[in-house]
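Welcome, and thanks for taking a look at this chain with me. Please keep the sequence and the 3D view open side by side as you read.

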Amino acid sequence: MAVRHLLLLLAIFLVSLAGMTAHGGETWPRVPALMVFGDSLVDVGNNDYITSVVKANSPPYGRDFKDHVATGRFSNGRLLSDIIGEKVGFSGSPPAYLSPQASGQNLLIGANFASAGGGYYDPTAFMYHVISLSKQLEYFKDYTTKLAAVAGSSQAQSIVSNSLYIISAGSTDFGLNYYVNPFLFKMLTADQFSDRLMGIFNKTVTQLYGMGARRIGVFSLPPFGCLPLAITVFGHGSSECVPRLNNDFGRYNMMLSAAVESLSNRHHDLKIVVLDIYKPLYNLATSPEAQGFSEARRACCGTGTVETTVLLCNTKSVGTCSNATTYVFWDSLHPSEAANEVIVDSLNKDINRLVI
């Protein structure tokens, strides 16, 4: 047993060493692993392995990523999950759980279960034939079984309980379901729909807690009314952010903060914080020049007003910018790598609270 334990520690050391960042993050992982759940803001390629139109696995997606490869990330380069991974000492996000890379020793540094198009509300995922959050939790349970087979049950539990968990969900539930679904829109007010999502969020965290999670960062919703596609569809010809949408998302974020505080009070050994992406992205969208960006109304890909997924953002898209570093948005719904870096930099304090 002692030899097996030493070999396991060596394996963890070598995997962690291989995962040290190349982008200026910590030189040693501050947590044993990273677990990621949610949507396209953090999905590093799970949708490549399912039948869905919600994909980003061909150019120009990924053109500024390592080796210029379109991995399934909805950006020109790294995502929020990649940069958070770097911040806590890894080379980026752990592998997409459905990819061949999520196996063997690689399981020791975590897994990314997120699926673009998914959200808290399972019917949203069903609409777009992507992986629902409830299914992602099933995959996580499956992951823990595989991890125990690699690391042994005791070490696996230690990894699970000390890992950093990231949840990014809710935007798609509103933007690609509630606002465009006449039945849902007439049946519920935005606040009532938010309340429904809060119930699912509470259940999700409770399930993760029951499976051992103790460090959870949950993204707020972004300023959806400032996304190029939202302005195009809901802006009535204006080039400004859509106040109604931002107000809906702002009230949701207030509910989220209250839910997180309640969960923290209920589980005294749980570190859980809201990672506020609303404020930094709103500042970028409304005052891009203040942080070195030149364009926030149009995204880089194509016309920058409607293009998203490989169906519209592809090599035939006319007008794609040559340099995305000055654009806040890569496609009409997703930030550029440069904007993602600014957003994660604003989260440093809260990330530190989770990993200390």
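The report below goes through salt bridges, helix crossings, backbone details, long-range contacts and a surface patch. The model is a predicted one.

## Salt bridges

Let us begin with charge pairing. Side chains of opposite charge can pair when their charged atoms come close. In this model the count comes to 12 salt bridges. Three of them are set out here, with the distance between the closest N and O atoms.

| Pair | Closest N and O atoms |
|---|---|
| Arg73 and Asp82 | 2.8 Å |
| Arg78 and Glu337 | 3.1 Å |
| Asp350 and Arg353 | 3.1 Å |

Take Arg73 and Asp82 to start with: both residues are buried.

The pair of Arg78 and Glu337, with its closest N and O atoms 3.1 Å apart, is a good one to follow in the 3D view. This salt bridge links distant parts of the chain, 259 residues apart. Arg78 sits in the loop between E1 and H2, while Glu337 belongs to helix H13, residues 337–345. Are these two partners buried or exposed? Arg78 has a relative accessibility of 7%, so it counts as buried. Glu337 counts as buried too, because its relative accessibility is 15%, and the cut-off for that label is under 20%. The pair is also part of a wider arrangement: Arg78, Glu86, Glu337 and Glu341 are linked in a network of salt bridges.

Asp350 and Arg353 offer a local example. They lie 3 residues apart in helix H14 (residues 348–355), and therefore about one helical turn separates them. Arg353 has a relative accessibility of 48% and so counts as partly exposed.

## Helix crossings

Now for the helices. Two packed helices are described by the angle between their axes and the distance between the axes.

How do helix H4 (residues 133–151) and helix H5 (residues 153–162) cross, and what is the angle? Their axes come within 7 Å and cross at roughly 135°. H4 is therefore oblique to H5. The handedness of this crossing is right-handed.

Helix H13, which holds Glu337, takes part in another crossing. The axes of helix H11 (residues 278–286) and H13 come within 9 Å, with a crossing angle of roughly 135°. That angle is why H11 and H13 are described as oblique to each other. The crossing of H11 and H13 is right-handed.

## Backbone details

Most residues other than glycine have a negative phi, and most peptide bonds are trans. A few places here are worth a visit with that in mind.

Which residues in the loop between E1 and H2 deserve a look? One is Pro60, which is found in that loop. The peptide bond from Pro59 to Pro60 is cis, and omega is near 10°. Another is His68, which lies in the loop between E1 and H2 as well. His68 is not a glycine, yet its phi is positive, at about 60°. With a relative accessibility of 61%, His68 counts as exposed.

His129 also has a positive phi without being a glycine, with a value of about 55°. You will find His129 in the loop between helix H3 (122–128) and H4. His129 counts as exposed, because its relative accessibility is 57% and the label applies over 50%.

## Contacts across the sequence

Some residues are far along the chain from a partner in space. Ser163 is placed in the loop between H5 and strand E3 (164–168). Its relative accessibility is 0%, so Ser163 counts as buried. How far apart in space are Ser163 and Val355, which are 192 residues apart in sequence? The distance is 8.5 Å, from C-alpha to C-alpha.

Met127 gives another case. Met127 is found in helix H3 and is partly exposed, with a relative accessible area of 38%. Met127 and Leu176 are 49 residues apart in sequence, and their C-alpha atoms are 9.2 Å apart in space.

## A nonpolar patch

Finally, turn to the surface. Which residues make the nonpolar surface patch of about 350 Å²? The patch is made by Val53, Val306, Leu311 and Leu312. Val53 is in the loop between strand E1 (34–38) and helix H2 (80–87). Val53 is partly exposed, with a relative accessible area of 49%.

Key:
Residues numbered from 1 in each chain as written. Predicted model: local features only at pLDDT ≥ 70, side-chain atom pairs only at ≥ 80, totals over all residues. Heavy atoms only, no water. Patch = residues over 30% accessible without salt bridge, like charges linked within 9 Å, V, L, I, M, F, W, Y side chains within 5 Å. Areas by Shrake-Rupley, 256 points an atom, 1.4 Å probe, with all protein chains shown as cover. Salt bridge = Lys/Arg side-chain N within 4 Å of Asp/Glu carboxyl O. Helix = DSSP H or I, 4+ residues; strand = E, 2+ residues; numbered from the N terminus. Buried < 20%, exposed > 50% of the residue type's maximum accessible area, 1.4 Å probe, protein only. Axes fitted to C-alpha atoms, helices over the stretch in contact; angles between N-to-C directions. Parallel < 35°, antiparallel > 145°, perpendicular 65-115°, else oblique. Left-handed = near helix turned anticlockwise from the far one by under 90°.
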